[in-house]
Amino acid sequence: MIFHVVVVGRLRNADLRSACDDYEKRIRRYAKLQIHEVTDVSGTTRDRRLTLDGERDKLISVLKSKPVRVLLTRTGRSISSKEFSGLVSTWQENARDTAFVIGGAYGVHSAVSEMCTDLIRLSHMTLPHEMARLLLFEQIYRGFTILKGEPYHKGD
């Protein structure tokens, strides 16, 4: 089972890169993790439709072979860290590769959204993809520590 993080754009901020690298190392103690960065098209046009169209095929090509696809979007359902850890456990027990999708400046094309098996919200607020990536990594790590009964999670 592999966790795939599929993101539009790359990490440009060195501090966020460092924090993400730290959580990537932590996650790899529990599971395989692969990062797939697709080219951000928003820098070439300010047209929302053209941007989403340009990123659509790149995202679909990475996602089509993944059985579980989770879009991280502010319109997704809210879940707690414990609920998220339950999902992580289910995916692991079923040995299902799971792809988390983080869109670009305009989100993702509806074709990408429609092929996702779940939509989850990290926050009601709009987040830059770099910050969303860090939050996702932290939650994946937290999910594993909850499952293992390790003292990292102090929440409910």
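These legends go with a set of close-up views of a predicted model.

**View 1. Strand E1, covered on both faces.**
Start with strand E1, residues 2–8, where seven of the seven residues are buried. On one side sit Ile 2, His 4, Val 6 and Val 8, and every one of these is buried. Turn to the other side and you meet Phe 3, Val 5 and Val 7, which are buried too. So that's a strand with both of its faces covered.

**View 2. The strands that pair with E1.**
Strand E2 covers residues 32–38 and runs parallel to E1, with seven bridges joining the two. If you want a pair to look for, take Val 7: its bridge partner in E2 is Glu 37. E1 also pairs with strand E4, residues 98–102. That pairing is parallel as well, and it is made by five bridges. Here the residue to look for is Phe 3, which stands opposite Thr 98 of E4.

**View 3. From E1 over helix H1 to E2.**
How do E1, helix H1 and E2 go together, as a right-handed or a left-handed β-α-β unit? The unit they make is right-handed, with H1 taking up residues 14–27.

**View 4. A salt bridge along helix H1.**
Arg 26 and Asp 22 form a salt bridge, and their closest N and O atoms are 3.1 Å apart. Both residues belong to helix H1, and because they are four residues apart there, about one helical turn separates them. Arg 26 counts as partly exposed, at 23% relative accessibility. Asp 22 is partly exposed as well, at 33%.

**View 5. A salt bridge along helix H2.**
Over in helix H2, residues 48–63, look for Asp 53 and Arg 49. They form a salt bridge whose closest N and O atoms are 3.1 Å apart. Again, the two are four residues apart in the helix, so about one helical turn lies between them. Arg 49 is exposed, at 54% relative accessibility, while Asp 53 is partly exposed, at 22%.

**View 6. A salt bridge between strands E3 and E5.**
The side chains of Arg 77 and Asp 118 come together in a salt bridge, at 2.7 Å from N to O. Which parts of the chain does this pair tie together? Arg 77 lies in strand E3 and Asp 118 in strand E5, residues 118–121, so the salt bridge links parts that are 41 residues apart in sequence. Asp 118 is buried, at 15% relative accessibility, whereas Arg 77 is partly exposed, at 39%. Elsewhere, salt bridges with shared partners join Arg 17, Asp 21, Glu 24, Arg 28, Glu 37 and Arg 133 into one network. Glu 37 has come up already, as the bridge partner of Val 7 in E2. If you're keeping count, the whole structure has eleven salt bridges.

**View 7. Thr 73 and the largest pocket.**
Thr 73 is part of strand E3, residues 68–78. Which residues does Thr 73 contact, once its neighbours within four places in sequence are set aside? They are Leu 119, Ile 120 and Arg 121. Val 38 is 35 residues from Thr 73 along the chain, and 17 Å separates their C-alpha atoms. Thr 73 also helps line the largest pocket, which has a volume of about 570 Å³ and a lining of 22 residues. Nearest the centre of this pocket lie Leu 72, Thr 73, Arg 74, Gly 104 and Gly 107. E3 gives the most to the lining, with five residues. Helix H5 takes part too: E3 and H5 each supply at least two lining residues.

**View 8. Thr 145 in helix H5.**
Helix H5 runs through residues 129–148, and Thr 145 is found in it. Is Thr 145 buried or exposed? It's buried, with a relative accessible area of 0%. Neighbours within four places in sequence aside, Thr 145 is in contact with Tyr 30, Glu 150, Tyr 152 and His 153.

**View 9. Ala 95, a positive phi in a loop.**
Last up is Ala 95, in the loop between helix H3 (81–93) and E4. This residue isn't a glycine, yet its phi is positive, at about 50°. Ala 95 is exposed, with a relative accessible area of 53%.

How values were computed:
Residues numbered from 1 in each chain as written. Predicted model: local features only at pLDDT ≥ 70, side-chain atom pairs only at ≥ 80, totals over all residues. Heavy atoms only, no water. Buried < 20%, exposed > 50% of the residue type's maximum accessible area, 1.4 Å probe, protein only. Pairing = 2+ DSSP bridges. Right-handed = clockwise from strand over helix to strand, strands pointing away. Contact = heavy atoms within 4.5 Å. Salt bridge = Lys/Arg side-chain N within 4 Å of Asp/Glu carboxyl O. 1 Å grid on protein atoms, 1.4 Å probe; cavity = no way out; pocket = protein on both sides within 12 Å on 5 of 7 lines; lining within 4 Å. Points joined across faces, edges and corners; volume = space filled by probe spheres on them.
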